[in-house]
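Student: I'd like to go through this model with you, starting with charged contacts and then moving on to the empty space inside. Could you pull it up?

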Amino acid sequence: MRYDTVVFDLDGTLLNTLQDLADAANYVCRENGWPEHTLDEYRYFVGNGIPKLCQRFVPETARDEASQKEVLAKFSARYAAHKEDTTAPYPGIEEMLDRLAAAGVRYGVLTNKEHTLAQGVMEHYFPGRFEFVQGAVPGVPVKPDPTALHRLLARMGAEEGCTLFVGDSDVDIHTAHNAGLPGAGALWGFRTKEELTAAGAEMLAASPAELARYILGEVHTGEARE
């Protein structure tokens, strides 16, 4: 089948943001004399929003409310100043978006990154491409809760039967399913094929070009998984 609307995750799907996130977190660790973490560890720390990331990279003794508020402020300031040091679109993303736009497919972004930050990042790396960007806002639960996704789909005027959600983690696949949508796994992202398969991804794409072919109905699920 062909999809008319696609909603993408941001970190690990459209942009490789991992190094900049890890660098900001390890900066906070160094400032406080805490152990730093490897890039591979951060692959599993990210995905549920920055407040949850801050809980995960600090020692247990720094997870009380007051400490977390301070950590979040320090991380946010550092990340805001260095969020474009190494971040870049994954190879093939621009070409995929060109192809989808030419075919009349509408697309948007749903991320657990703070909303204003997400808008700024998207406009910096994809100027003028994304009309619909939804990040985390106070009072609305983050992924995998489907509330924000349902609101985004309503704004887009999307039909659920013709909409695909794309992400690189089990959080994204669960978000899709919680909203009643199929989920496609981006194998070039932060997490593994095994995680995406276990989460029940309907399709696994090895590259953005392969994903575009699936969205446009040029390959079936089984073919795209191979």
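Student: Is Arg-191 buried or exposed?

Tutor: This is a predicted model, and in it Arg-191 has a relative accessibility of 10%, so Arg-191 counts as buried, the cut-off being under 20%.

Student: And what does the side chain of Arg-191 meet in a salt bridge?

Tutor: Its partner is Asp-170, at 3.6 Å from N to O. Asp-170 lies in helix α8 (residues 170-178), whereas Arg-191 sits in the loop between β7 (183-186) and α9 (193-198), so the salt bridge ties together parts that are 21 residues apart in sequence. Asp-170 itself is partly exposed, with a relative accessible area of 25%.

Student: How many salt bridges does the structure hold?

Tutor: There are 13. One of them joins the side chains of Lys-83 and Glu-84, at 3.8 Å from N to O; Lys-83 is buried at 16% relative accessibility, while Glu-84 is partly exposed at 35%. Another pairs Arg-30 with Glu-36 at 3.3 Å, N to O, and here Arg-30 is partly exposed at 45% and Glu-36 is partly exposed at 41%.

Student: Which residues are linked with Lys-143 in a network of salt bridges?

Tutor: Asp-9 and Asp-172 are linked with Lys-143 in that network.

Student: Okay, switching to empty space. How many cavities of 30 Å³ or more are there?

Tutor: The count comes to two. The largest cavity holds about 220 Å³ of space and is lined by 19 residues, with Asp-11, Val-46, Gly-47, Asn-48 and Gly-49 nearest its centre. By class, that lining divides into five nonpolar, six polar and eight charged residues.

Student: Which element gives the largest share of that lining?

Tutor: That is β4, which contributes three residues; α3 (50-57) and β4 (106-114) each supply at least two.

Student: What about the second largest cavity, how much space lies in it?

Tutor: About 70 Å³. Its lining has 13 residues, and those closest to its centre are Asn-112, Gly-135, Pro-141, Val-142 and Ala-148. Both β4 and β5 (132-136) give two or more residues to that lining, which by class has seven nonpolar, four polar and two charged residues.

Student: Now the largest pocket: which residues are closest to its centre?

Tutor: The largest pocket holds about 320 Å³ of space, and of its 15 lining residues, Ile-50, Pro-51, Leu-72, Ser-76 and Glu-114 lie closest to the centre. With four residues, α4 gives the most to this lining, and the classes are 10 nonpolar, four polar and one charged.

Notes:
Residues numbered from 1 in each chain as written. Predicted model: local features only at pLDDT ≥ 70, side-chain atom pairs only at ≥ 80, totals over all residues. Heavy atoms only, no water. 1 Å grid on protein atoms, 1.4 Å probe; cavity = no way out; pocket = protein on both sides within 12 Å on 5 of 7 lines; lining within 4 Å. Points joined across faces, edges and corners; volume = space filled by probe spheres on them. Nonpolar A, V, L, I, M, F, W, Y, C, P; charged D, E, K, R; others polar. Salt bridge = Lys/Arg side-chain N within 4 Å of Asp/Glu carboxyl O. Buried < 20%, exposed > 50% of the residue type's maximum accessible area, 1.4 Å probe, protein only.
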